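Work through the exercises below with the sequence and the coordinates at hand, and try each task before reading its solution.

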Amino acid sequence: MTSTRSGTRGPVTALGRATSRLLEGKWALAGLAVALLAPFVIATPYAIFVMTSAAIFVMLASGLNIVVGFCGLLDLGYVAFFAVGAYTSGVLSTRFGLPLLATVPAVIVVTVIAGVVIGAPTLRLRSDYLAIVTLGFGEIIRITANNLDVTGGPAGIYGIPGLTGDPVVFYYLTVGIVSIAVIGASRLGRSRLGRAWRFVREDEDAAEAMGVHTYKIKLAAYIAGAVWGGLAGVLFAAQLSAISPGSFTFLRSALVLMAVVLGGLGSTPGVVVGAIVISLLPEVLRDFADYQYFAFGVLLIVFMLVRPQGLWPHRSREASS
Amino acid sequence: MGKSRVAAVWSLAVSVGMLTAGCGQGLLGGGSDAGGDKGPITLGMLIPQSGSEAAVGPYMKNAAQLAVDEINGKGGVLGRKLELKVADDACDAQTAVAGANKLVTEGIDVSVGGYCSGATLPTLPVFGKANIPMIIPAANSQELVDQHLKHVFLINGTGTQQATAAMAWITKQGATSVALVHDNTSYSKDIAVRTQKLLDEPGGAETVILEAVTPKESDYSANIHNILAKKPDFVYWTGYFQEGGLITRQLRQAGYTGSIMVGDGSVSEKLAQIAGGDAAEGVYATMTQTPDTLQGAEGWIAGYKKKFGAGPGPYSNQAYDAVRLAAEAVKQAGSTDGAKVISALEGISGFQMFSGPLKFTSDHTLATGGFQILVVRSGKFTLQDALK
């Protein structure tokens, strides 16, 4: 995708754009229908738990997609925001007895602050350097949580109130929230801001020369990603009722990134599919016991060899004709 | 093309949903028939089979299987066979909760697993909601006790009991300045902090440093430097054996000649192998009874070796006892009903286990931890003092 495409605009493009949007909408509806009907097929506690986890993972991946997919900022410590969200809601709900829903505004504020604190000094860096610094921040958040008393230290926080008592209701709630989050991320990606993100991804210097305030634009991507991650953290805390630093390791950052790359960088449906594959595969392979992660790794390598562009790669709307 | 495919997916999803809804697993199906009075009595076991603590999984699983086979050999319980179902918790909260839900779905009657405290904690409500009693063989963090849940029973000594045993040995050795070293995991920090509280009481030894190390590193010289700067004559490491071996070696290399003691997570022959040479000779350990230190357990060890081709390891005996205790409780309750099994467990008195005759306190922990002091001789942990 290069900036030369902006020249070709005509009725054909408009028609193509309209059909592709319609098509994507249909697929989204079909996906949502599958998610909504799944509990009628299988509603064992295990299946509901795994499906809820997958939905939360989709939200994480769509958040990281804003940062990595849309804006091209390689973030290896994305789990930091997930942890910040989970811990903020966990601490507020257990120490101050707030219902989990009431912690959401606080979570948004805290994750925005975290996004600015982490983003402001690091976003002056580029590519590999940024990746290394974000990797460091991910670890800093985890080790901080491990050593503070307010976060319960290594044992973490337990007894977090859930959003609903019934896991099936919680599943539907999660699917609803995640759908809104995914659609929101996708709409953001198509907005004026989203076009600026893609421009920065393709050529930061050219973007700067064209009058895009790249630093602000990148910070916006970072903050949006942080809020998505933080809200996913709230859902995670509600689902597990207990959180500990062990849940926020580098491996999780890597898995979320893998979901984004596997699905197709910058492609909303791709990232959803990638996240579902990454979160369900280990559970499907659970019965292989010792070979579980071996099989997981082999399958991922095969996926990437067969489809290096991702399972559902992003197609530029401007180019379709 | 695109439209018809979407329509196909829609209709497929709807029809599959309608068809399978009657099968009993969907929302519209009837309740599950698991936990009935027919078929085998199933015991579920959540243990780490992957991840950082995967090494301990087979020891616990094999020992539990041994107990199951022995009981089945004698005709089972209430005329029904026992069956063991194992799920991986990877020592991770989310994997553990998924595993717990899987076991609940499979209709287990009693849970006999739980090794990592951090992974066991979030599974408590999952089993509690399904009214499944939990006999936890290894995990022993104080947080498990502090929730005072009716369905949770711990058959491993608690952090408090281990700290008390450590304190007793420190006093007995006449140490004056103690360095406490932990790895910041829930279990390890718990023991170190509780030992520090005991040391804080006036008289006797003093804590000179409470040092936390980062697990999975290979060079602990910075920590060793901090510790030795305080000139301790007794070092107590409360973490696991990988780091324990390295810390022991690096302490000795740095010229430390005082006593070293390790917690129960470090009791493994690998500690001496990692420390290398005879660096670990004379290292003490606070440990519950192990197959090696049990009198009269030779037959049990031989049977285990014959069946699995390798000797038992850490927490083999607790896992074995957890299964036996579950079977005993079901027998006394006369049913697999959760509430009845729980009251049977509360009522059990004098049931013979490796840790001695069993009687639960009102906290559902062992009345005595059964901790004793081991010492490394020729690379093996042997009994030094039973602390009786």
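The exercises that follow go from one helix to a helix pair and then to single residues.

This is a predicted model, in which local features need pLDDT of at least 70 and side-chain atom pairs count only at pLDDT 80 or more, whereas totals for chains, interfaces and linings use all residues. Residues are numbered from 1 along each chain as its sequence is written, while chains are lettered from A and ligands numbered from 1 in the order in which they are written.

**Exercise 1.** Describe the span, the bend and the burial of helix α2 of chain A.

Solution. Helices (H or I, at least four residues) and strands (E, at least two) are DSSP runs, numbered from the N terminus. Helix α2(A) covers residues 45-70, which is 26 residues. From first C-alpha to last it reaches 36 Å, close to the expected 38 Å at 1.5 Å a residue, where the expectation is 1.5 Å times one less than the number of residues. The next step is to look for a bend, taken as the angle between axes fitted to the seven residues ending at a residue and the seven starting there; α2(A) has a kink of about 35 degrees centred on Leu64(A). For burial, a residue is buried if 20 or more other C-beta atoms, placed from the backbone, lie within 10 Å of its own, exposed if 12 or fewer, and partly exposed in between. By that count 26 of the 26 residues of α2(A) are buried. After the helix comes Gly72(A), with a positive phi near 75 degrees.

**Exercise 2.** Determine how α7(B) and α8(B) are oriented and which residues meet.

Solution. Axes are lines fitted to C-alpha atoms, for helices over the stretch in contact, and angles run from 0 to 180 degrees between N-to-C directions. The axes of α7(B), residues 159-173, and α8(B), residues 186-200, come within 8 Å and cross at roughly 50 degrees. The two helices are therefore oblique to each other, since angles under 35 degrees count as roughly parallel, over 145 as roughly antiparallel, 65 to 115 as roughly perpendicular and the rest as oblique. Contact requires C-beta atoms, placed from the backbone, within 7 Å; among the residues that meet are Gly159(B), Ala163(B) and Met167(B) from α7(B), and Ile191(B), Arg194(B) and Leu198(B) from α8(B).

**Exercise 3.** Which surroundings do Asn62(B) and Met353(B) have?

Solution. Asn62(B) lies in helix α2 of chain B, residues 57-73, and is buried because 20 other C-beta atoms are within 10 Å. Not counting residues up to four places away in sequence, Asn62(B) touches Tyr304(B) and Phe308(B). Its C-alpha is separated by 7.6 Å from that of Ser316(B), 254 residues apart along the chain. Met353(B), in strand β11 (residues 349-353) of chain B, counts as partly exposed because it has 19 C-beta neighbours inside 10 Å. Leaving aside neighbours within four places in sequence, Met353(B) contacts Asp321(B), Leu325(B) and Leu358(B).

**Exercise 4.** Where in chain B do Asn131(B) and Lys231(B) lie, and are they buried or exposed?

Solution. Most residues other than glycine have a negative phi. Asn131(B), however, has a positive phi near 60 degrees and sits in the loop between α5 (124-129) and β4 (134-136) of chain B. With 15 C-beta neighbours inside 10 Å, Asn131(B) is partly exposed. Lys231(B), also not a glycine, has a positive phi of about 50 degrees; its place is the loop between α9 (221-229) and β8 (234-237) of chain B, and with 12 C-beta neighbours inside 10 Å, Lys231(B) counts as exposed.

Technical notes. Contact = placed C-beta atoms within 7 Å.
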